[in-house]
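Here are some short exercises to work through with the model open beside you. Try each one on your own before reading the solution.

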Amino acid sequence: MKETSKQQQLEAIAEEIRKCTKCNLAKTRSKAVPGEGNPDSQVVFIGEAPGYWENVKGKPFVGAAGKILDEVLGKIGISRSEVFITNVLKCRPPMNRDPRKAEVEACIPYLDRQLEVMKPRFIVTLGRHSSAYIFSKIGKPFSSISKVRGKLHVVNLWGSTVYVQPTFHPAAALYNVELKRDLEADLRLLKHELDRLQKRS
Ligand code: URA
C-alpha cells in the first residue's frame with residue numbers, strides 16, 4: 001500500500017473539519033480552523049478555539065492573542081513555521097464564549113487524530129481547556145494552570161516519551177505582564193529542551 005505523508009493525512013483531516021456539521025457551531029462559523037504549521041514538527045501547540053479573526057481567515061492565532069504568541073515565540077527564537085498550531089475546538093463559539101461539553105466531545109476526535117498523525121515529542125497546551133483535555137488524556141489530575149505550569153511533564157504517549165507543557169493562554173497575557181512573563185518563561189523551557197535534544201541527535 002502507498003504510504004501517505006503526514007502532510008497528506010493532516011490535509012485529509014482538515015478537509016473533513018472544513019465540512020464538519022457535528023455540532024451547532026457549524027451554523028454560526030464563517031470558516032473552520034483546522035490548524036496549520038509544519039506537519040513534521042516535533043512541537044504541537046494547542047489553543048482553545050478560534051476567535052473573531054481566526055473565523056474570518058480560517059487560520060489559528062491570527063488575532064490579538066496570535067500577536068502575543070508571535071511576539072513571545074520571536075523573543076525566544078522559535079519560528080511559527082517550525083511548529084504546528086491547532087485548537088480544541090475548530091470552530092468559533094459565538095461571542096468567544098467558553099467551549100461547551102457537547103462541542104468538545106464532538107470536536108475532540110479531530111485533535112486526537114491530528115496528534116496521532118504527528119506523534120509530536122512536545123505538546124504545549126495554551127490555557128485551561130487544552131490543558132485539562134491533555135491532562136485527562138495522560139491520566140493526570142488538573143486543577144489550574146498556575147498549579148501545573150513552569151515545568152515539562154514527561155509522559156508516555158504512542159509508546160514514546162512526550163513532554164507536555166501547560167502554560168497560560170496568550171489572550172490571558174494580553175493585559176497582564178506577569179502572565180506574559182510566565183508564558184515566556186515556560187516557552188523558554190521548551191526551547192531549552194528542544195535545543196538539548198537537537199544537540200544529542
Ligand atoms: N485563541 C485560541 O485559543 N485559538 C486561536 O486560534 C485564537 C485565539
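**Exercise 1: The second largest pocket**

Work out how the lining of the second largest pocket divides by residue class, then find where that lining comes from.

Step 1. Sort the lining residues by class: six are nonpolar, five polar and five charged. Bear in mind that this is a predicted model.

Step 2. Look toward the centre of the pocket. The lining holds 16 residues, and Glu 11, Arg 18, Gly 35, Glu 36 and Phe 84 sit closest to the centre.

Step 3. Trace the lining back to secondary structure. Both α1 (6-19) and β1 (36-37) supply at least two residues, and α1 gives the most, with five.

Step 4. Add the volume: this pocket holds about 250 Å³ of space.

**Exercise 2: The largest pocket**

Describe the largest pocket by its volume, its lining and the elements that contribute to it.

Step 1. Start with the volume, which is about 460 Å³.

Step 2. Turn to the lining of 26 residues, where Glu 48, Ala 49, Ala 65, His 169 and Ala 171 lie nearest the centre.

Step 3. Assign elements. Two or more lining residues come from each of α3 (52-57), α4 and α6 (128-137).

Step 4. Finish with the classes: 13 nonpolar, eight polar and five charged residues make up this lining.

**Exercise 3: The cysteines**

Decide how many disulfides the model has, and check Cys 20 and Cys 23 one at a time.

Step 1. Recall the chemistry: a disulfide is a covalent bond between the sulfur atoms of two cysteines. The cut-off here is a pair of cysteine sulfur atoms within 2.5 Å.

Step 2. Apply that cut-off, and the count comes to zero disulfides. For Cys 20, the nearest cysteine sulfur belongs to Cys 107 and is 6.4 Å away, and Cys 20 is in no disulfide.

Step 3. Do the check again for Cys 23. Its nearest cysteine sulfur is that of Cys 91, 6.4 Å away, and Cys 23 is in no disulfide either.

Step 4. Compare accessibility. Cys 20 counts as buried because its relative accessibility is 13%, whereas Cys 23, at 24%, counts as partly exposed.

**Exercise 4: Leu 73**

Place Leu 73 in its helix and say whether Leu 73 is buried or exposed.

Step 1. Find the helix: Leu 73 belongs to α4, which spans residues 64-76.

Step 2. Read the relative accessible area. At 1%, Leu 73 is buried, since buried means under 20%.

Step 3. List the contacts. Leaving aside residues up to four places away in sequence, Leu 73 touches Phe 45, Ile 78, Arg 80 and Leu 187.

Notes: Residues numbered from 1 in each chain as written. Predicted model: local features only at pLDDT ≥ 70, side-chain atom pairs only at ≥ 80, totals over all residues. Heavy atoms only, no water. Helix = DSSP H or I, 4+ residues; strand = E, 2+ residues; numbered from the N terminus. Buried < 20%, exposed > 50% of the residue type's maximum accessible area, 1.4 Å probe, protein only. Contact = heavy atoms within 4.5 Å. 1 Å grid on protein atoms, 1.4 Å probe; cavity = no way out; pocket = protein on both sides within 12 Å on 5 of 7 lines; lining within 4 Å. Points joined across faces, edges and corners; volume = space filled by probe spheres on them. Nonpolar A, V, L, I, M, F, W, Y, C, P; charged D, E, K, R; others polar.
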